[in-house]
Every structure is written in C-alpha cells, then in structure tokens.
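Me: Please look closely at one part of this model for me, the surface near one of the DNA strands. I am new to the structure, so go on from there to whatever that part connects with.

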Number of protein chains: 2
Amino acid sequence: MPQTDPETRLTEAIELLFFGYRDFISDPDAILGAYEFGRAHHRVVHFVGRNPGITVAELLDILRITKQSLARVLRQLIERGFVVQKTGEKDRRQRRLYLTKEGAELLNSLVAPQRARVSKALAAGGAGAEDAWRTIMFALLNEENRTEVEHLITKDSK
Amino acid sequence: MPQTDPETRLTEAIELLFFGYRDFISDPDAILGAYEFGRAHHRVVHFVGRNPGITVAELLDILRITKQSLARVLRQLIERGFVVQKTGEKDRRQRRLYLTKEGAELLNSLVAPQRARVSKALAAGGAGAEDAWRTIMFALLNEENRTEVEHLITKDSK
DNA sequence: AAAAATATGTCAACATGGCTGACATAAATA
DNA sequence: TATTTATGTCAGCCATGTTGACATATTTTT
C-alpha cells in the first residue's frame, strides 16, 4: 500500500473538502433556477425554516453578511410570498421571520436531495463513521464559533 | 442521551458542512486581501501548484467556470508574476501553466493555515477517524466525478 | 493542399451577491 | 427627555460568475 507523507495527506483532505462541498451544493441550484432564486435565497430560506421567528439581527449573525445584502434577497422572498415578517411581541422593533406554506415547500424541495446525498454518504462510511465525521467537521470550526454552531445545529434534537 | 430522528440528524450534518466549509475557507481570505486577490485567484494558484503544466482546458474542467471568467484572474496572476505560461511541446496550441517562485510562495502561505486547521480537526477525531471522514467526503461527490477527483487528489501519493 | 476541428484569447454586455457610507424611523431604554 | 437599538432604504462599487460573438494559431481530417 502507498505510504503518503503528511503534507500530501493534508492537501488531499483539503481538496476533498473543496470537491465535496462543490457537489454537495450542486443539487439545489437547478431547483433554485426554476424560481429565479440563487444560493443567497437558499441560505435565508434554510435558516428561517430551521429557526422560525428568527430576528433579522440573528439571521445576519448566522449568515455573516451585511443587512444591505440580506435586504435584497429577503425583500424578494417576502414579495413573492415565501417568507413573512411579524412584529415582535415583546420588542416591537423586531421583525420576526417565518416561512409561509410555500416557503416551507420550497425549503423541503431544496433539502430533500441534500438529505439524500448526505444520508448515502454517511452510510458509505459504515458503523461509527458518522460520529467520527461529525467530530472532525465540528473541529474544523473556528473555536469562537463552536458554541454558537453547536446550539444552532442541535436546536431541535430530542 | 438524546435520541434524534433521522431527518434532524441529516439536517445537522448539512449545517455542519455549511459552517465547517465556511470556516475552512476563512483563513486564506485575509492573506489574499494583502495581495488584492480573491478566492478565484486562490483556486487557480492552488490547482496550478498541484498540477504543474496543467493546460487551460484541464483547469477549466476542474474549476467548472467559463474561460472568460478564468481569463480575468489568470491574466492578473500572470501580469503580476505568480503564474507563467509555456507553449506545449507536443501540441503548440496549448498554454501550459506553472507557478513562479513567487506563486509557489503565495500558495504556501495560503495552504499553511488550511493544513494546520485540517490537521487539528483530523486529530480531534482520534484513531481511524480520518479514514471514515475521507470515505464520507468522497461519497458526497456526484458519481460521475469520483474517478476524476480520485485521480486529482491522489496525484502524488507514493 | 484544403478544410475542419481544437486550444486558446478577447471584446462586450449582463447578473448575482458581496461591500461601504449615509440617512430615516419606530420603539425601547437610560 | 435623550439616547440607543432594530430595522429599512438609497446609492454606488467590486468580484466573479454568465452568454454570445469573433479571432488566431495549430493540429487533424479529408
């Protein structure tokens, strides 16, 4: 079997991340095209769907973009009826975001092929591989983001 | 311990990919800024460095962008002395691409923090985790890309 | 030798989705 | 009441993707 030096091994891992991510995000693109939406819309729909009632500020913090960039895609999603805003009950300055029925359907059509892909991939690793994969993916995060991401992704685990 | 339904588990994995990749590509950005280069330049420098003498057509096939998009960043990299073109010896229509000494230094400064990050993350998984992680990342690829990616990433394994 | 195909380059126009800066409004807080 | 906060909006800029059309040099096919 080939022996590989550590630098090469790491370079290969870096390229696996590049190519893996490239294909991972490829499924939704065709679907989005039919709506004349882009990846920016996808991200908003995804995180609003995962965090119903999220405030604009919280969404900006997840996406790490400016409010002006968000405003463009958010306006389109609202105008076309995929997202609604509701004034916050406790703090009436807030605009809490929710998916409409149409938004939830769009999200579902986007996430379905991604789930299928990830499900297959995790299964390909065999028993125990999923935990190892998760540990490594989590360890890729900047330390200052780990707590936040942990909260975000485990939001509705039972 | 929390029991988690399969859909939620997969959604969490999808978000781990999103956040993990986001942080994974964060290191080089500051470095690139100092050169007034962007991620597109990074990709070109990376794959030219990994595949010395690569042709323009091969590079386009890896990057999946149009030649007009590539032309812009490639021109800048050539003008500023990070990449050189040499006419193909067998086929003189080809322009084979190589990094200059400066290009190799730039690549090294970009890849070093990525290697450090990935190295730490793989180590965090413990023994055997790296193989599991690789298997899963590879299984994320579109089937039609697997052979190509396998060749690309194992290019100089011994 | 001529014709066709290939590898590459270039011009022009346009779209998406980032960015900064400035300013406005309503509501909460000090 | 004054200030801060959450949000929205206008205007313009930049990076990097796209399509379409066309040019050149070289190789391959006829």
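How do the residues of the surface near DNA strand C divide into nonpolar, polar and charged?

Reply: The model is predicted, so local features need pLDDT of at least 70 and side-chain atom pairs count only at pLDDT 80 or more, while totals for chains, interfaces and linings use all residues. Residues are numbered from 1 along each chain as its sequence is written, and chains are lettered from A and ligands numbered from 1 in the order in which they are written.

The surface near DNA strand C has 6 nonpolar, 8 polar and 9 charged residues. Ala, Val, Leu, Ile, Met, Phe, Trp, Tyr, Cys and Pro count as nonpolar, Asp, Glu, Lys and Arg as charged, and the others, Gly among them, as polar. A residue is near a strand if its C-beta atom, placed from the backbone, lies within 6 Å of it. In total 23 residues surround DNA strand C, and the closest are Gly38(A), Thr66(A), Arg92(A), Thr55(B) and Ala57(B). Two or more residues each come from helix H3 (39-50) and helix H5 (67-79) of chain A, and from helix H4 (56-63) and helix H5 (67-79) of chain B. Helices (H or I, at least four residues) and strands (E, at least two) are DSSP runs, numbered from the N terminus. H5(B) gives the largest share, 4 residues.

DNA strand D is surrounded by 22 residues, the closest being Thr55(A), Ala57(A), Gly38(B), Thr66(B) and Ser69(B). Here helix H4 (56-63) and H5 of chain A, with helix H3 (39-50) and H5 of chain B, give two or more residues each. The largest share, 4 residues, is that of H5(A). This surface divides into 6 nonpolar, 8 polar and 8 charged residues.

H5(A) itself has 13 residues, which at 1.5 Å a residue should span 18 Å; its end C-alpha atoms are 17 Å apart, which agrees. That expected span is 1.5 Å times one less than the number of residues. Val73(A), Leu74(A) and Leu77(A) are the buried residues of H5(A) (buried means that 20 or more other C-beta atoms lie within 10 Å of the residue's own, all placed from the backbone). They pack against H3 and strand E1 (83-87) of chain A. Just after H5(A), Gly81(A) has a positive phi of about 80 degrees.

The two protein chains also touch each other. A turn of 180 degrees with a shift of 0.0 Å along the axis lays chain B on chain A with an RMSD of 0.1 Å, so the copies are related as by a two-fold rotation axis. The superposition is by least squares on the C-alpha atoms of residues with pLDDT of at least 70 in both copies. Their contact takes 49 residues from each of chain B and chain A, where contact means C-beta atoms, placed from the backbone, within 7 Å. On the chain B side, H1(B) supplies the largest share, 14 residues. That side divides into 26 nonpolar, 13 polar and 10 charged residues. Trp133(B) is the residue of chain B closest to the rotation axis, at 2.4 Å (C-alpha).

Trp133(B) also belongs to the largest nonpolar core, which has 36 residues; Trp133(A), Ile136(A), Trp133(B) and Ile136(B) touch the most other members. Such a core is a set of buried Ala, Val, Leu, Ile, Met, Phe, Trp, Tyr and Cys residues joined through C-beta atoms within 7 Å. Among the residues that Trp133(A) touches, not counting those up to four places away in sequence, are Ala132(B), Trp133(B) and Ile136(B).

Conventions:
Buried ≥ 20, exposed ≤ 12 C-beta atoms within 10 Å, placed from the backbone. Contact = placed C-beta atoms within 7 Å.
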